[in-house]
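User: I'm new to this one, so please give me a close look at its salt bridges. Add a bit about what surrounds them.

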Amino acid sequence: MSRIGRMPISIPAGVDVKIEAGNLVTVKGPKGTLTQQLHPAMTITQEGDVIHVTRPNDEKANRSLHGLTRTLLHNMIVGVTEGFKKELDVNGVGYRVAKEGNKLVMNLGFSHQVTVEEIEGITIEVPSANKIVISGTDKQKVGQFAAEVREKRPPEPYKGKGIKYTDEVIRRKEGKTGVKKK
């Protein structure tokens, strides 16, 4: 049995979960509404303020989907109550970011400024010139958008210049040694 899949999901106060035919799940909470079509092979049952996910049999595909379905449901509930956020750091001489309206404007050492527009469901904050905070209710959208912003200038291994996640560790390379053998 899947350890993650068999864990019950508790629904906090102020969150409304609606499970429709074909496993179309709608979760409403204080931060917004999320709707997702989950795999129809899984059985999702709601008993009071607890949701259980069960699988029809122990085939490999169903074992894989069991934990995934439970995790997706849990992420939806966490998203509409607390939300998700990713923090990015910008390192480098002259590298800085600013927010102009709903656009993120970045100076990343190129001959031009790089601009990224806010998408629906995502909010961008720039608390300082070298920090970006991306937040939203959908974990997948937040992670994907953060990855796309990081992709504009990924960190390089010699000096660590570029955009990196706050908790990311960059493996540094030594560079040239400068010693010639005779």
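Analyst: One bit of vocabulary before we start: buried means under 20% relative accessible area, exposed means over 50%, and partly exposed is in between (1.4 Å probe, protein chains only). Also, this is a predicted model, where local features need pLDDT of at least 70, side-chain atom pairs count only at pLDDT 80 or more, and totals for chains, interfaces and linings use all residues. Residues are numbered from 1 along each chain as its sequence is written, and side-chain values use heavy atoms, with hydrogens and water left out.

Asn 23 is a handy warm-up for the burial scale. At 8% relative accessibility, Asn 23 counts as buried, and yet its place is in a loop, the one between β2 (16-20) and β3 (24-29). Asn 23 has another quirk: its phi is positive, about 60 degrees, although it is not a glycine. The strand and helix names I'm using come from DSSP runs, numbered from the N terminus (H or I and at least four residues for a helix, E and at least two for a strand).

Now for the salt bridges. The rule asks for a side-chain nitrogen of Lys or Arg within 4 Å of a carboxyl oxygen of Asp or Glu. Searching the whole structure with it turns up six salt bridges, and I'll walk you through some of them.

Start with Lys 85 and Glu 87, whose side chains meet at 3.4 Å, N to O. Lys 85 counts as exposed, because its relative accessibility is 55%. Its partner Glu 87 has a relative accessible area of 27%, so Glu 87 is partly exposed.

Next come Lys 131 and Asp 89, with their closest N and O atoms 3.1 Å apart. This pair links distant parts of the chain: Lys 131 belongs to strand β12 (residues 131-136), while Asp 89 belongs to strand β7 (residues 84-91), and the two are 42 residues apart. How buried or exposed are they? Lys 131 is partly exposed, because its relative accessibility is 21%. Asp 89, at 17%, falls on the buried side.

A further bridge joins Glu 118 and Lys 99, at 2.8 Å from N to O. Glu 118 is in the loop between β10 (114-117) and β11 (122-128) and Lys 99 is in strand β8 (residues 96-100), so this bridge ties together parts that are 19 residues apart in sequence. Both ends come out as partly exposed: Glu 118 has a relative accessible area of 22%, and Lys 99 has one of 35%. Going back to the earlier pairs, Lys 85, Glu 87, Asp 89 and Lys 131 are joined into one network by salt bridges that share partners.

While we're at strand β12, have a look at Gly 136, which is in that strand too. Gly 136 counts as buried, because its relative accessibility is 15%. If you set aside neighbours within four places in sequence, Gly 136 is in contact (heavy atoms within 4.5 Å) with Gly 83, Phe 84, Gly 121 and Val 142. Between the C-alpha atoms of Gly 136 and Glu 120 there are 9.3 Å, and these two residues are 16 residues apart along the chain.

Let's step back to see where all this sits. The chain is divided into domain 1 (7-80) and domain 2 (82-163), with bounds taken from an automatic or database domain assignment. The C-alpha centres of the two domains lie 31 Å apart. Where they touch, eight residues of domain 1 are in contact with seven residues of domain 2.

How many salt bridges cross that interface? The rule finds zero between domain 1 and domain 2. On the domain 1 side of it, β4 (32-37) and α1 (60-81) are the elements that give two or more residues. The top contributor there is α1, with five residues.

Helix α1 is also home to Thr 69. Thr 69 is buried, because its relative accessibility is 3%. Not counting residues up to four places away in sequence, Thr 69 touches Leu 38, Met 42, Ile 44 and Val 53.
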